[in-house]
Amino acid sequence: VMKLNPQQAPLYGDSVITVQLTEEDKVEDDVVFYLVFTGSTVQHCTSTRKVNPGSLETISPGHDCCETVKVALCASREGHPVLVVAEESFQFVQDEAYDAAQFLATCAGNQQALNFTRFLDRSRPPAADVDFLDEKVALAFRHLKLPAEWNVLGADQSLTENIPRETLMHFAVRLGLLRLTWFLLQQPGGRGALSIHNNEGATPVSLALERGYQKLHQLLTEEEAREPDSWSTLSHTVHSGDYSVKHHRGLDVYMLTAEA
């Protein structure tokens, strides 16, 4: 028996899972442990990092649907067959950050919805919450399967740049969401949104300046602006056919995902 803590993760993954080993599994240094997550349509294999003789750490993979999956702890040693030493179940769930990303993605061009997001601004969350929100919503956004025609400015591209309107970029900048802004900048319409004025005549760039968000303002105005440091500790994915490999720089853990 092994204990997984927590026993669930959001669909978009990238959260830390601790694996408590039982007495008999605490083994010599030359044993390498992997976790294999088997879902109904995809399977993930993650490497682990030893925290101490009794516990390991890994990163939860991003999954394709909400379900309970089987997790096997595998041990491998040079010259020996791979052993399954323990099994446990694990749940992938849709959390509020995922709901928020889905909501924002669908209301990209919807003025009513975007004006509603301005209401959030009046009840400013504390900075630590903003940072947490920023990371989770950006991760969830990255995990959404956005349609090929998706655009930061919404589906109706016939709207000329001169019509004053709210955009998703105004929303991200107004709340000071650095990672989400960075993500939106890489999407179609992201750069175009920077010069759009809302009804008060503010552009995302002028909002960042007015609110004293220096890092954010830099991100929006510098030609060579690099991704925020905070973002670089997260996973980076490489796709190849039905496989994808993710590397989580923070923990130096690798994940392989394949169609089951």
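Leaving aside its neighbours within four places in sequence, with which residues is Glu67 in contact? In this predicted model, local features need pLDDT of at least 70 and side-chain atom pairs count only at pLDDT 80 or more, while totals for chains, interfaces and linings use all residues. Residues are numbered from 1 along each chain as its sequence is written, and side-chain values use heavy atoms, with hydrogens and water left out.

**View 1. The surroundings of Glu67 in strand β8 (residues 67-76).** Beyond those sequence neighbours, Glu67 is in contact (heavy atoms within 4.5 Å) with Gly39, Ser40, Phe90, Gln91 and Phe92. Its side chain is joined to that of His63 by a polar contact of 2.7 Å, the term denoting a pair of N or O atoms within 3.5 Å, of which, within protein, one must be able to donate a hydrogen and the other to accept it, and residues adjacent in sequence count only if both atoms are side-chain atoms. Glu67 is buried (under 20% relative accessible area, 1.4 Å probe, protein chains only).

**View 2. Strand β5 (residues 42-47) and its partners β4 and β12.** Strands are DSSP runs (E, at least two residues), numbered from the N terminus, and two of them pair if DSSP finds at least two bridges between them. Strand β4 (residues 32-38) pairs with β5 in the antiparallel sense over 5 bridges, Thr38 standing opposite Gln43, and a hairpin joins the two through 3 residues. Strand β12 (residues 253-259) also runs antiparallel to β5, joined by 5 bridges, with Val42 opposite Glu259.

**View 3. Strand β3 (residues 16-20) with β1 and β7.** Antiparallel pairing links β3 to strand β1 (residues 3-5) through 3 bridges, and Leu4 has Val19 as its bridge partner.

Definitions and conventions: Helix = DSSP H or I, 4+ residues; strand = E, 2+ residues; numbered from the N terminus.
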